[in-house]
Amino acid sequence: MAPGPVPATPPGHRDVPPGPVDADGVAELLRGASGVLVLGHIRPDADAMGSAVALATAVRRSGVPAVVSFGGPDPVPETLRTLDPDGLVVEPDEVPQRPDVLVCCDVSSPPRLGSLTPLLDAARVSLVVDHHASYTGFGTHHLVEPQTPATVMLVRRIVAALGVEVDLTLARALFAGLYTDTGGFRFGGADALRLGAELVDAGVEPRELMRELSGASSFAWLAALATILAGARREPDAVGGAGLVWASVDAATVDRFRSEVASVSGHLMATAGDGVAALISEISPGEWSTSLRGTGVPDLSAVATRLGGGGHPGAAGVERPGPVSDVLDALRTELAAQVDIENARAAG
Ligand SMILES: [Mn+2]
């Protein structure tokens, strides 16, 4: 038989127009792919890792090759590897340079892909699956819902659209992101609790899983934590009188206790009342990452976006050059400005 023209798209593949897509549209794109590369944001948390691994696992079970990676500079925390028993996560220098379909999970803007950002332009299709209010509108296709409490909830829908059953591997990956991004089901409502129940029915042991994810802290962390908390400050007049509680962590401590440092936010938040908690950590010499937590009023996503970061109304982040006093000055100014904006809006 004489060779015919090469079909533009694989058999069974329907073109999905660029722009917003629902879970069925995503499933269509994934089934039609010759290969899928799933990325999560740099310095992944359990929602980025869990949604990326769960999605890639489901894609593989649909018969399409898939791998997961996270851009540098930092490596994936060892504790998150428990969510990847099949070894789908590859190093950033091992990913295909021209992926057919690139999926970005829990990624609100291109720089959040770190060293892998250039792949966005190299891929035939770039699909964003995300729930950040600060999503900047990149990618050829997107399933983005700011009101959904965790990216894994969107991935659960895609898994269903692919017709893949939720086994223990998928359930653990989904549960980890769900639990983390809902603050242990404090928010997220009945839908989050229903999905949590489904995943426990599928075999997740929450206590065991959360212990694996938090890892075992060394005894030395107790002294480091005491030092960090002793340096915490409360500014009752900030945030329009709601108050700001903050603490900073230097690069040496961040390097030594990377996974433990994130837990400091919880301690600060517990004392912030209706105000805002800010954990300011030196992620590389002179470069500071600020993790903001609050009630959603004022909208921390808006504050972080104006400072060059992003996130959700109640949890957001931003990276800025130091010193800490400069980071704080900018933060105080934008928090006060956001309170003014929201007060003016309320006054009509
Ligand atoms: Mn998330």
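These legends walk through several close-up views of a predicted model.

**View 1. Four side chains hold the manganese ion.** Which residues serve as protein donors to the metal? They are D47 (OD), D106 (OD), H131 (NE2) and D181 (OD), at 2.1 to 2.3 Å from the manganese ion. If you follow the chain from one donor residue to the next, the spacing reads D-x58-D-x24-H-x49-D. D47 belongs to helix α2 (residues 46-61), while D106 sits in the loop between β4 (101-105) and α3 (119-122), so this pair ties together parts that are 59 residues apart in sequence. Are these two aspartates buried or exposed? D47 is buried, with 0% relative accessibility, and D106 is buried too, at 2%.

**View 2. Helix α2 carries one of the metal donors, D47.** Helix α2 is built from 16 residues, and its first and last C-alpha atoms are 22 Å apart, close to the 22 Å expected at 1.5 Å a residue. An α-helix makes a turn every 3.6 residues, so residues three or four places apart point the same way. Of the 16 residues in α2, 14 are buried, so the helix is largely enclosed by the rest of the structure. Look at the N-terminal end and you will find D45 acting as a cap: one of its side-chain oxygens lies 3.2 Å from the backbone nitrogen of D47. Just after the helix comes G63, which takes a positive phi of about 95°.

**View 3. Two neighbouring cysteines remain unbonded.** How many disulfides does the model contain? The count is zero. C104 and C105 show why: the sulfur of C104 has its closest cysteine sulfur in C105, 7.9 Å away, and that is too far for a bond. For a disulfide, the two sulfurs would have to be within 2.5 Å. Both residues are hidden from the outside, as C104 is buried with a relative accessible area of 0%, and C105 is also buried at 0%.

**View 4. Six strands line up in an open sheet.** Reading across the sheet, the order is β7-β8-β9-β10-β12-β11, and the pairing is mixed. Strands β7 (233-235) and β11 are at the edges with a single partner strand each, so one side of each is left without a neighbour in the sheet. In general, strands of a sheet pair through backbone hydrogen bonds, in either a parallel or an antiparallel way. The next two views show examples from this sheet.

**View 5. Strand β9 has a parallel partner and an antiparallel partner.** Strand β9 covers residues 276-284, and eight of its nine residues are buried. Strand β8 (residues 244-249) runs parallel to β9, and six bridges join the two. Here you can spot A247 standing opposite L279 in β9. Strand β10 (residues 287-293) runs antiparallel to β9, with seven bridges between them. In this pairing, I280 stands opposite T290 of β10. A hairpin with two residues in between connects β9 and β10, and G286 in the turn has a positive phi of about 85°.

**View 6. Strand β12 pairs with β10 and with β11.** How many bridges link β10 to strand β12 (residues 315-321)? There are seven, and the two strands pair in the antiparallel sense. T290 appears again here, standing opposite V318 in β12. Strand β11 (residues 310-311) also runs antiparallel to β12, and two bridges join them. One bridge partner to look for is A316 in β12, which is matched with G311. Three residues make the link in the hairpin that joins β11 to β12.

**View 7. Two annotated domains come from the UniProt record.** The unreviewed UniProt entry places a feature called "domain: DDH" at residues 36-177. That span is 30% helix and 18% strand, and its end C-alpha atoms lie 21 Å apart. The record also places "domain: DHHA1" at residues 259-335. Over those residues the chain is 36% helix and 32% strand, with end C-alpha atoms 27 Å apart.

Note on methods
Residues numbered from 1 in each chain as written. Predicted model: local features only at pLDDT ≥ 70, side-chain atom pairs only at ≥ 80, totals over all residues. Heavy atoms only, no water. UniProt positions renumbered as here; feature names shortened; annotations may be inferred. Helix = DSSP H or I, 4+ residues; strand = E, 2+ residues; numbered from the N terminus. Donors = N, O, S within 2.8 Å, 3.2 Å for Na, K, Ca; no water. Buried < 20%, exposed > 50% of the residue type's maximum accessible area, 1.4 Å probe, protein only. Expected span 1.5 Å × (residues − 1). Polar contact = N/O pair within 3.5 Å; in protein donor to acceptor, adjacent residues only side chain to side chain. Pairing = 2+ DSSP bridges.
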